[in-house]
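Here are some notes on the model you sent, set out as numbered points so that each can be checked against the coordinates. Please read them with the structure open.

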Amino acid sequence: LQQILFRSFDVIPLPILVSESVARREGLPDTGDNIPVRRHRFLNRAFREQLGYDLADLPDMDSWFRLAYPDATYRSAIIQAWHTEVERSLQEGREVAEMPALIRCKNGQHRWFVVTAQLGADAIPNGHIVTFRDIHDLQCMVEEVSRLSCTDPLTELCNRRGAEQQLQSHRMQGDAFALVLGDIDHFKQINDRYGHPAGDAALCAVAETMTELLQPGECLARWGGEEFLLILPDHTLDQAACRAERLRQQVSELTMPWQGQTITLTISLGCA
């Protein structure tokens with residue numbers, strides 16, 4: 001029955017992995033603890049073609065997690081998330097557990113799959129049938145749309161929506177943070193005298209200058225018009241004031257050539 005099942009799986013275009021629990025690892029001494037180990041029994045043709053691995057690469061679950069999730073931090077998070085999902089499914093009486101995961105294929109490419117595990121298979125005692133649905137293109141599209149919705153198209157900084165999401169995240173986590181709000185001085189005069197393209201160039205020049213002074217974990221956003229918001233985690237008001245003064249000096253040293261002329265820029269900033 002299992003061989004008939006496996007032959008049927010081989011013509012299905014979705015990658016399929018079949019595993020079963022065994023009492024201990026083959027070739028290792030029996031320590032008496034009898035802790036089960038998940039050994040892989042079968043990989044169908046679509047699995048070998050799309051993910052690249054065969055049974056020699058993935059004899060058991062440990063090898064799967066090690067190869068499919070080479071980053072130790074991400075691997076630990078995936079294992080924990082998977083255990084949580086399986087427990088939830090069992091508590092709710094569902095026969096399958098499912099979650100998305102970014103998997104490293106044998107060729108080194110990382111692709112998003114929805115992994116669905118049947119928690120019991122009648123034809124395979126103590127067995128799991130796991131299917132993989134490739135959602136990489138869709139996931140990339142969703143991520144790109146999300147990125148664009150939070151990005152200012154002119155300066156490529158975080159926009160107001162993205163900044164508000166960052167602020168909400170800090171509030172929910174109870175983080176201490178400081179804010180610096182900056183406004184380009186006399187910006188309307190730049191637009192009136194040199195034209196709106198010059199104003200756009202000024203915004204980009206100031207954004208680039210301020211970005212050069214960012215530290216890891218900080219967020220610089222175009223808050224609106226000629227206003228910029230800097231979110232500084234773990235900063236006191238005095239520390240934020242020092243950062244604001246450095247930004248002010250850096251922008252004041254900026255000179256922007258424009259159609260044979262030179263535009264000087266300054267910025268005013270406040271802290272909270």
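Which residue in E8 does Cys 219 stand opposite? In this model, which is a predicted one, Cys 219 stands opposite Ile 231 in E8, and the points below begin with the sheet to which that pair belongs.

1. The sheet. Four strands form an open sheet in the order E7-E8-E6-E11, and their pairing is antiparallel. Its edges are strand E7, covering residues 219-224, and strand E11, covering residues 267-271, each of which pairs on one side only. Ignoring direction, neighbouring strands of this sheet are turned against each other by 25° on average.

2. The pairing of E6 with E8. Strand E6 (residues 177-184) and strand E8 (residues 227-233) run antiparallel and are joined by seven bridges. Two positions help to fix the register by eye: Ala 178 stands opposite Leu 232 in E8, and Leu 181 stands opposite Leu 229 in E8. Strand E8 is mostly covered, with six of its seven residues buried.

3. The pairing of E7 with E8. These two strands also pair in the antiparallel sense, here over five bridges. They form a hairpin with two residues between the strands, and in that hairpin Gly 225 takes a positive phi near 60°.

4. Arg 222 on the edge strand. Arg 222 is found in strand E7, and with a relative accessible area of 17% it is buried, because the limit for that class is under 20%. Its side chain has two partners worth inspecting: the side chain of Asp 152, joined to that of Arg 222 by a polar contact of 3.3 Å, and the backbone oxygen of Gly 225, which the side chain of Arg 222 reaches at 2.9 Å. The Gly 225 in question is the residue of the E7 and E8 hairpin that takes the positive phi. If neighbours within four places in sequence are left aside, the contacts of Arg 222 include Leu 154, Thr 155, Leu 157, Cys 158, Asn 159 and Arg 160, as well as Leu 203, Glu 227 and Phe 228.

5. Helices H7 and H8. Helix H7 (residues 187-194) packs with helix H8 (residues 196-211) at an angle of about 140°, and their axes are 6 Å apart. The two helices are therefore oblique to each other, since an angle has to be over 145 degrees to count as roughly antiparallel. From H7 the contact takes Phe 187, Ile 190, Asn 191 and Tyr 194, and from H8 it takes His 196, Ala 198, Gly 199, Ala 202 and Leu 203. Sorted by class, the residues of this contact are six nonpolar and three polar, with no charged ones. Leu 203 also appears among the contacts of Arg 222.

6. Ala 201 in H8. Ala 201 has its place in helix H8 and counts as partly exposed, at 24% relative accessibility. Not counting residues up to four places away in sequence, Ala 201 touches Met 256 and Trp 258. Ala 201 and Leu 55 are 146 residues apart in sequence, and their C-alpha atoms are 57 Å apart in space.

7. Helix H3. Asp 60 caps the N-terminal end of helix H3, where one of its side-chain oxygens lies 3.4 Å from the backbone nitrogen of Asp 62. In H3, which covers residues 61-68, the buried residues are Met 61, Ser 63, Trp 64, Phe 65 and Ala 68.

8. Gln 109 between E3 and E4. Gln 109 lies in the loop between strand E3 (96-104) and strand E4 (110-118), and at 37% relative accessibility it counts as partly exposed. Apart from neighbours within four places in sequence, Gln 109 is in contact with Ile 103 and Arg 104. The C-alpha atoms of Gln 109 and Leu 51 are separated by 9.1 Å, although these residues are 58 residues apart along the chain.

9. Two backbone angles to check. Where do the residues Asp 234 and Gln 259 lie? Asp 234 lies in the loop between E8 and helix H9 (237-252), has a positive phi of about 60° although it is not a glycine, and counts as exposed at 64% relative accessibility. Gln 259 is found in the loop between strand E9 (255-258) and strand E10 (261-264); this residue is not a glycine either, yet has a positive phi of about 50°, and at 68% relative accessibility it counts as exposed.

Notes: Residues numbered from 1 in each chain as written. Predicted model: local features only at pLDDT ≥ 70, side-chain atom pairs only at ≥ 80, totals over all residues. Heavy atoms only, no water. Pairing = 2+ DSSP bridges. Axes fitted to C-alpha atoms, helices over the stretch in contact; angles between N-to-C directions. Buried < 20%, exposed > 50% of the residue type's maximum accessible area, 1.4 Å probe, protein only. Parallel < 35°, antiparallel > 145°, perpendicular 65-115°, else oblique. Contact = heavy atoms within 4.5 Å. Nonpolar A, V, L, I, M, F, W, Y, C, P; charged D, E, K, R; others polar. Polar contact = N/O pair within 3.5 Å; in protein donor to acceptor, adjacent residues only side chain to side chain.
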